[in-house]
Amino acid sequence: MEDYLIGIGKRMKEIRKNNKNTINDIATKAGVTAGLISRIENGRTIPSLPVFLKIVDALETEMTDFFDGIPKGTGQTFLVARKDEQTLIEKEDEAVGFTYNYIFSKQLNSVGFESVLLEVEPNSKRDKVITDAFEFKYVLSGECYYVIGEQEVLLKEGDSIFFDGRIPHVPINKGKISSKMLVVYFFI
């Protein structure tokens with residue numbers, strides 16, 4: 001089952017979009033919040049089994065069809081992600097000035113991880129979030145403050161940080177230029 005965890009959110013989004021449903025449509029049918037659907041689709045959380053079953057029902061698909069669309073492991077000892085496979089991640093409406101782009105999202109044995117390019121614009125706004133993952137961030141350009149719990153740390157180009165994403169956190173760009181960073185999520 002662990003091989004499927006990373007693909008669940010992507011598969012949900014694929015079925016939802018193919019059926020021309022919005023995040024709100026599925027959330028309403030499943031009796032959950034739109035924010036939860038968005039977090040699941042973007043790999044920031046994994047639903048409990050009862051919630052997952054409600055979502056699959058709301059997607060109006062059979063469980064076997066749902067899992068048939070998730071790529072299986074290949075048995076290889078390496079993984080390759082091609083540039084043309086990158087996709088923009090849709091985030092909740094409350095996030096303004098944040099652009100997330102998937103660059104790597106794979107499962108290797110029991111280790112689930114994703115790599116994302118994150119761009120945080122000056123004056124961006126978002127509440128603190130929680131992810132079910134440890135997070136590694138490497139600043140490629142610009143600078144950004146990271147608020148983790150009650151602590152704040154300034155990260156400049158070339159700096160990196162690793163932390164438990166279950167602690168509420170948010171990046172804040174107080175500068176005048178965009179801050180770009182490589183983000184790697186290691187799922188718990």
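Glutamate 41 counts as buried in this predicted model, because its relative accessibility comes to just 2%, and the cut-off for being buried is anything under 20%. The residue is found in helix H3, which covers residues 34-41. Its side chain isn't without a partner: a polar contact joins it to the side chain of arginine 16, at 2.7 Å.

Lysine 29 makes a handy contrast. This residue has a relative accessibility of 46%, so it counts as partly exposed; to be called exposed, it would have to be over 50%. Its place is in helix H2, made up of residues 23-30. Which residues does lysine 29 touch, once those up to four places away in sequence are set aside? The answer is Asn21, Ala58 and Glu60. Leucine 59 also turns up in this part of the fold: 30 residues separate it from lysine 29 along the chain, yet the C-alpha atoms of the two are 8.5 Å apart.

Next come the aromatic rings. A pair of aromatic rings can be described with two numbers, the distance of the centres and the angle of the planes. Searching the whole structure turns up three aromatic pairs. One of the pairs is formed by phenylalanine 134 and phenylalanine 162, and it is stacked, with 5.8 Å from centre to centre and 5 degrees between the planes. Why does that angle earn the label "stacked"? Planes under 30 degrees apart count as stacked, so 5 degrees qualifies. This pair also ties together distant parts of the chain, since phenylalanine 134 sits in strand S4 (residues 133-141) and phenylalanine 162 in strand S7 (residues 160-164), 28 residues apart. Phe186 belongs to the picture too, as ring pairs link Phe134, Phe162 and Phe186 into a cluster. As for accessibility, phenylalanine 134 counts as partly exposed because its value is 30%.

Finally, there is the matter of empty space. Rolling a probe the size of a water molecule over the atoms reveals where such space is left. How many cavities of 30 Å³ or more does the structure hold? There are two. The second largest cavity has a volume of about 40 Å³. Its lining is made up of Arg44, Tyr100, Arg126, Val129, Thr131, Glu135, Lys137, His169 and Tyr185. Sorted by character, the lining of this second largest cavity splits into four charged, three nonpolar and two polar residues.

How values were computed
Residues numbered from 1 in each chain as written. Predicted model: local features only at pLDDT ≥ 70, side-chain atom pairs only at ≥ 80, totals over all residues. Heavy atoms only, no water. Helix = DSSP H or I, 4+ residues; strand = E, 2+ residues; numbered from the N terminus. Buried < 20%, exposed > 50% of the residue type's maximum accessible area, 1.4 Å probe, protein only. Contact = heavy atoms within 4.5 Å. Polar contact = N/O pair within 3.5 Å; in protein donor to acceptor, adjacent residues only side chain to side chain. 1 Å grid on protein atoms, 1.4 Å probe; cavity = no way out; pocket = protein on both sides within 12 Å on 5 of 7 lines; lining within 4 Å. Points joined across faces, edges and corners; volume = space filled by probe spheres on them. Nonpolar A, V, L, I, M, F, W, Y, C, P; charged D, E, K, R; others polar. Phe/Tyr/Trp six-rings, centres within 6.5 Å; stacked < 30°, edge-to-face > 60°.
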